[in-house]
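Visitor: I should like to take a close look at a single part of this model, beginning with one ion pair and its surroundings. Please then place that part in its wider setting.

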Amino acid sequence: MATKQAVSFKLNGKAVDVVVEPRELLIHTLRERLQHTGPHIGCETTHCGACTVDLDGMSVKSCTVLTVQCQDSEMLTIEGFEQGGALHALQESFHEQHGLQCGFCTPGMITRAYRLLKENPNPSEEEIRYWMAGNLCRCTGYQNIVKAVQHAAKKLAAAAA
Amino acid sequence: MIPREFEYHAPKSVQDALGLLAQLGDEAKLLAGGHSLLPMMKMRFAQPGHLIDLGRIAELKGIREENGTIRVGAMTTENELIWSKLLQDKCPLLVEGARLISDPQVRYKGTIGGDISHGDPGNDHPALMLALGASFVLRSAAGERVVPADGFFVGTYDTLMKPDEIMTEIRIPVPAPGTGYCYAKLKRKVGDFATAAAAVTLRIRGGAVQDVAIALTNVGPTPLKARAAEDSLRGKPLSDASIVAAAGLAMNICDPAADQRGDAEYKTAMAGEMTQRALHTARERAGR
C-alpha cells in the first residue's frame with residue numbers, strides 16, 4: 001500500500017487532521033471520514049458540480065482534488081453556511097425563490113454562488129449563467145436558481161449597507 | 001472511481017521537482033491543475049507510481065511583461081488569465097480563449113502549462129499559442145531551453161518535452177497595437193472540448209493584410225497551423241471572398257477523428273466555418 005500521509009486543514013473554521021492514502025479524493029474524505037455529507041457525489045467525473053466546495057477562495061469539484069493537495073488549506077462546505085442558527089442569505093434566497101426542487105445540486109449551487117458573489121457582488125443574469133455553468137441542475141431549468149442568486153446579492157448588499 | 005495507488009510528492013521549488021523527476025524516472029508524472037490527469041487516473045487510463053505536484057511551487061505562477069514579451073508562469077490558472085489586466089489590455093486573445101475552456105470550477109484549477117504540455121489536440125491553448133507565436137521554456141537538471149510553439153506538438157499526447165523536463169514559462173510576444181484577434185470555438189455544451197475551433201491574429205495595414213496567423217483545434221492529431229490559408233491572405237486586401245477561399249485551404253489540412261461530436265466531414269466543415277467567423281471578427285477588431 002502507498003504511504004499514508006497526515007493532512008491538516010481548516011474545515012468550516014475548525015482545524016481537522018486526517019491520515020489518508022494519496023489516492024483518496026477530497027469528496028470521500030469529507031463524506032466518509034469527516035461526516036460532511038452536504039457535498040454530493042453526482043457524476044464523479046468533474047461535470048456536475050454537486051461536490052463543489054470552497055477551497056482557499058476557489059470553487060473546486062472535490063471529486064477531482066486529492067485530499068493530500070489540501071494541506072494547510074481553508075475549506076468551506078454547505079455545513080459552514082448557517083451561523084448561530086441563522087441561515088445564510090443564499091440559503092434563504094434559494095428557499096424563498098424556489099431555487100431547488102429535488103435539492104441534490106443545491107449544496108454545490110450555493111457553495112459556488114457564494115464564491116461568485118465574493119468576486120462579483122452584483123452580477124448580471126448573463127454573468128450568473130456564465131459563472132455558474134459548472135453546476136448542473138436537472139429539475140429547475142435554472143430560472144429560479146438565477147433569481148435566487150440575484151436575490152441573495154441584494155440581501156447581502158443591504159446587510160452590508 | 002478511485003485511482004490506482006501512488007506515492008505523492010509536493011516539492012517547493014523547481015529544483016526539488018527536477019531532482020524527484022530524475023530520481024523517479026518513468027514511474028513519475030507531473031501534476032499541474034489535475035483536471036486532465038486526475039480524471040485519466042480515476043478511469044485508470046493513467047497509472048503513475050508517483051505524482052509530483054507542482055502546485056506548491058510559487059516561482060511557476062504569475063503574469064508579467066518584460067521587454068515586449070509577456071511571460072506567464074506555467075502553473076498560472078485559467079481564471080488568473082481571465083482576470084489579468086495585463087492580458088486584457090495587451091493579449092485579449094488569450095483571455096477570450098481561456099473564457100471558453102471548460103467551466104468555472106475547472107478554470108480555478110486548470111493551468112496554461114498543463115493544458116499545453118498534455119498534448120491533447122482537444123485542448124485550446126495549443127492553437128492559441130500557435131496563433132500568438134508563443135514559445136515555451138523547458139527546464140531539466142541539465143539546463144533550460146526555449147522552444148517555439150510551432151513544431152512543439154508532435155502527435156496526440158506527444159510533444160517535444162522530454163520526460164526529465166518541466167515546462168516553467170510561456171513566452172508570448174506582445175501583439176502589435178491594432179492586432180485583430182478571435183478564438184471561434186464550436187462546442188456542444190459547457191465543459192465539452194471543441195468540435196472544431198480556430199484561433200486568428202490579424203494585422204491590416206494600408207488596406208492589405210500585413211500578417212495573419214490561423215491555427216485550428218481538435219481537427220487533427222495535433223493543433224494545426226493553417227499555413228496555406230495564411231499565405232493566401234498575406235499582402236492582399238481582406239474580402240469576404242478571400243476569407244471563404246482561406247477557410248477552404250484550412251479545411252484541406254484537417255484530419256479529424258470521428259467521435260460523438262460528429263464525423264470527419266462535419267468536423268472539417270465546422271473548422272472551415274470557425275475559420276471564417278474568426279477572420280471576420282478579427283477584421284472588425286483590427287486597426288487599419
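Guide: In this predicted model, the side chains of B:Asp211 and B:Arg234 form a salt bridge, with their closest N and O atoms 2.9 Å apart. The two residues belong to distant parts of the chain: B:Asp211 sits in strand β13 (residues 208-217) of chain B, while B:Arg234 sits in the loop between α9 (227-233) and α10 (240-252) of chain B, 23 residues apart. B:Asp211 has a relative accessibility of 31% and therefore counts as partly exposed. B:Arg234, with a relative accessible area of 30%, is partly exposed as well. The pair is part of a network in which salt bridges that share partners join B:Arg203, B:Asp211, B:Lys225, B:Glu230, B:Asp231 and B:Arg234.

The domain assignment of chain B provides the setting for this network, giving domain 1 (61-173) and domain 2 (180-285). Taken over C-alpha atoms, the centres of domain 1 of chain B and domain 2 of chain B are separated by 20 Å. Their contact involves 24 residues from domain 1 of chain B and 25 residues from domain 2 of chain B. About 2000 Å² is buried between these two domains, and carbon and sulfur atoms give 61% of that area. On the side of domain 1 of chain B, the residues that lose the most area to domain 2 of chain B are B:Glu96, B:Leu100 and B:Pro121, which together make up 26% of what that side buries.

Charged pairs also occur at this boundary, where three salt bridges are counted between domain 1 of chain B and domain 2 of chain B. A further detail concerns B:Glu96, whose side chain meets that of B:Arg285 in a salt bridge (2.8 Å, N to O). Eleven residue pairs are in polar contact across the interface of domain 1 of chain B and domain 2 of chain B, both residues of each pair being at pLDDT 80 or more. On the side of domain 1 of chain B that touches domain 2 of chain B, the elements giving two or more residues are α5 (92-99), α8 (125-132) and β8 (153-155) of chain B. Of these, α8(B) gives the most, with six residues. The composition of that side of domain 1 of chain B, by class, is 13 nonpolar, six polar and five charged residues.

A separate salt bridge in chain B joins B:Glu144 to B:Arg139, with the closest N and O atoms 3.4 Å apart. B:Glu144 counts as partly exposed at 48% relative accessibility, and B:Arg139 counts as partly exposed at 23%.

Chain B also meets chain A, in a contact that takes 32 residues from chain B and 37 residues from chain A. The area buried between the two chains is about 2900 Å², and carbon and sulfur atoms give 55% of it. B:Tyr8, B:Gln105 and B:Tyr108 supply 23% of the area that chain B buries against chain A, more than any other three residues. Two salt bridges are found across the interface of chain B and chain A. The side chains of B:Glu5 and A:Arg23 meet in a salt bridge at 3.7 Å, N to O. There are also 15 residue pairs in polar contact across the interface of chain B and chain A, with both residues at pLDDT 80 or more. At least two residues of the chain B side are supplied by each of β1 (7-9), α2 (37-42), β3 (50-53), α3 (78-83) and α6 (104-109) of chain B. The element that gives the most to this side is α6(B), with six residues. By class, the side of chain B that touches chain A has 16 nonpolar, four polar and twelve charged residues.

Over all chains, the structure holds 33 salt bridges. In chain A, the side chains of A:Arg115 and A:Asp54 meet in a salt bridge of 2.9 Å, N to O. A:Arg115 lies in helix α3 (residues 106-119) of chain A and A:Asp54 in strand β3 of chain A, so this pair ties together parts that are 61 residues apart in sequence. A:Arg115 and A:Asp54 are both buried, whereas B:Asp211 and B:Arg234 are partly exposed.

Technical notes:
Residues are numbered from 1 along each chain as its sequence is written. Chains are lettered from A and ligands numbered from 1 in the order in which they are written. This is a predicted model: local features need pLDDT of at least 70, side-chain atom pairs count only at pLDDT 80 or more; totals for chains, interfaces and linings use all residues. Side-chain values use heavy atoms; hydrogens and water are left out. Domain bounds come from an automatic or database domain assignment. Contact means heavy atoms within 4.5 Å. Buried area is the accessible area (1.4 Å probe) that two parts lose on being put together, summed over both. A salt bridge is a side-chain nitrogen of Lys or Arg within 4 Å of a carboxyl oxygen of Asp or Glu. A polar contact is a pair of N or O atoms within 3.5 Å; within protein, one must be able to donate a hydrogen and the other to accept it, and residues adjacent in sequence count only if both atoms are side-chain atoms. Helices (H or I, at least four residues) and strands (E, at least two) are DSSP runs, numbered from the N terminus. Ala, Val, Leu, Ile, Met, Phe, Trp, Tyr, Cys and Pro count as nonpolar, Asp, Glu, Lys and Arg as charged, and the others, Gly among them, as polar. Buried means under 20% relative accessible area, exposed over 50%, partly exposed in between (1.4 Å probe, protein chains only).
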